[in-house]
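Thanks for sharing this one. Here are my notes, set out as numbered points so that you can follow them with the structure open beside you.

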Amino acid sequence: MTARPLKKILLVEDEPDIRMVAKLALESVGGFSVEACASGQEALARAETVAPDLVILDVMMPGMDGPATLGALRALPSLGATPVLFMTAKVQPQEIAHYRSLGAIDVVAKPFDPMTLAQAVKAIWEKHVP
Amino acid sequence: MAESDFLSQLAELRRGFLAQLPDKVSLLEGAVMRWQEAPDGGMLEEAVETAHKLAGSGATFGVPAISDSARTLESALLRAGELKGPPDPAIRGAVGTALQALKGAAAEALAPPPA
């Protein structure tokens with residue numbers, strides 16, 4: 001069975017340099033369309049308009065962190081079932097299990113390799129999204 | 001986008017990261033020093049956050065030693081936070097050693113390539 005194609009990603013990352021390199025890698029290597037937000041609040045404001053196939057959330061952000069943003073996105077009618085990935089340096093097995101318990105489909109480890117980030121995201125998508 | 005364009009933009013982003021690295025390390029060193037002077041002054045959280053961000057970004061920009069040393073420093077700072085009261089000499093030593101390693105990694109990353 002072929003997975004539903006991944007086309008549009010909402011990327012939420014507060015660090016400008018990481019946000020730019022992740023967007024560049026996902027667009028240039030993966031061919032995805034990426035809308036980038038600098039905060040959970042900005043993501044909430046734009047999410048329904050963007051209507052992403054996938055949301056990638058940094059975990060540690062000032063103000064509204066990744067888990068809080070995930071919870072708020074889940075309350076939006078059109079984002080209630082949108083797959084969410086966390087991007088974090090905390091990737092011990094118990095930490096990954098915790099993120100999954102919050103509703104994330106998986107975790108991308110930081111620091112990531114810009115050359116392989118898109119492939120990693122695509123593999124997670126194909127594994128988890130029918 | 002052609003691969004050469006992607007690599008060119010990636011190199012530009014790496015140059016930007018390296019250009020900001022001295023300021024980030026100085027910010028982190030300042031936070032660590034102020035925490036050591038006044039452990040209850042709220043600077044530990046800032047130091048942990050800055051170390052965490054460097055740990056999560058260095059290798060992405062081709063400087064894995066920054067990620068490694070920043071992660072060691074973050075761990076030492078988190079241990080310090082778990083212990084109540086003023087940091088003991090062992091914790092101070094671990095933080096100091098990790099900070100020096102980070103500064104060394106930053107200096108190496110910023111050094112001009114050998115002729």
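1. Let me start at a small spot: A:A51 sits in the loop between helix 2 (40–50) and strand 3 of chain A. The backbone there deserves a look, as A:A51 has a positive phi of about 50 degrees although it is not a glycine. Is A:A51 buried or exposed? The answer lies in between: A:A51 is partly exposed, with 13 other C-beta atoms within 10 Å.

2. Please keep in mind that this is a predicted model. Its scores are ipTM 0.87 and pTM 0.91. For chain B, the average pLDDT is 91, and 99% of the residues score at least 70. Within chain B, confidence is highest in helix 4 (residues 89–110) of chain B, at 95, and lowest in helix 2 of chain B, at a mean of 93. As a general caution, predicted coordinates should not be read in detail where pLDDT is low.

3. Now to the overall build of chain A. You will find five helices and five strands in chain A, and from the N terminus on they follow the order β-α-β-α-β-α-β-α-β-α. With a radius of gyration of 13 Å, close to the 14 Å that the globule rule gives for 130 residues, chain A is as compact as a globular protein of that length. Along the principal axes, the C-alpha atoms of chain A fill a box of roughly 30 × 30 × 30 Å. Of the 130 residues in chain A, 40% count as buried. Among contacts in chain A with a separation of 6 or more, 62% come from residues 24 or more positions apart.

4. Strand 4 (residues 84–88) of chain A is a good place to zoom in. How many of the residues of strand 4 of chain A are buried? Five of its five residues are, so on the cut-off of 20 or more other C-beta atoms within 10 Å, strand 4 of chain A is mostly covered. In a regular strand, side chains alternate between the two faces of the sheet. Here both faces are covered: A:V84, A:F86 and A:T88 are buried on one side, and A:L85 and A:M87 are buried on the other.

5. What lies beside strand 4 of chain A? Strand 3 (residues 54–58) of chain A runs parallel to strand 4 of chain A and is joined to it by four bridges; A:L57 has A:F86 as its bridge partner in strand 4. Between these two strands the chain passes through helix 3 (residues 66–74) of chain A, in a right-handed β-α-β crossover. Strand 5 (residues 106–109) of chain A is also parallel to strand 4 of chain A, again with four bridges, and A:L85 finds its bridge partner in A:D106 of strand 5. Helix 4 (residues 93–102) of chain A carries the chain from strand 4 to strand 5 of chain A, and this β-α-β crossover is right-handed.

6. One peptide bond to check by eye: A:K110 and A:P111 are joined by a cis peptide bond, with omega at about 0 degrees. A:P111 belongs to the loop between strand 5 and helix 5 (117–128) of chain A.

7. Finally, the contact between the chains: 14 residues from chain A and 16 residues from chain B take part. On the chain B side, helix 1 (3–37) and helix 2 (43–57) of chain B are the elements that give two or more residues. Helix 1 of chain B supplies the largest share, six residues. By type, the chain B side divides into seven nonpolar, eight polar and one charged.

Methods:
Residues numbered from 1 in each chain as written. Chains lettered and ligands numbered in written order. Predicted model: local features only at pLDDT ≥ 70, side-chain atom pairs only at ≥ 80, totals over all residues. Buried ≥ 20, exposed ≤ 12 C-beta atoms within 10 Å, placed from the backbone. Pairing = 2+ DSSP bridges. Right-handed = clockwise from strand over helix to strand, strands pointing away. Contact = placed C-beta atoms within 7 Å. Nonpolar A, V, L, I, M, F, W, Y, C, P; charged D, E, K, R; others polar. Rg over C-alpha atoms; globule rule 2.2 N^0.38 Å. pLDDT = per-residue confidence, 0-100.
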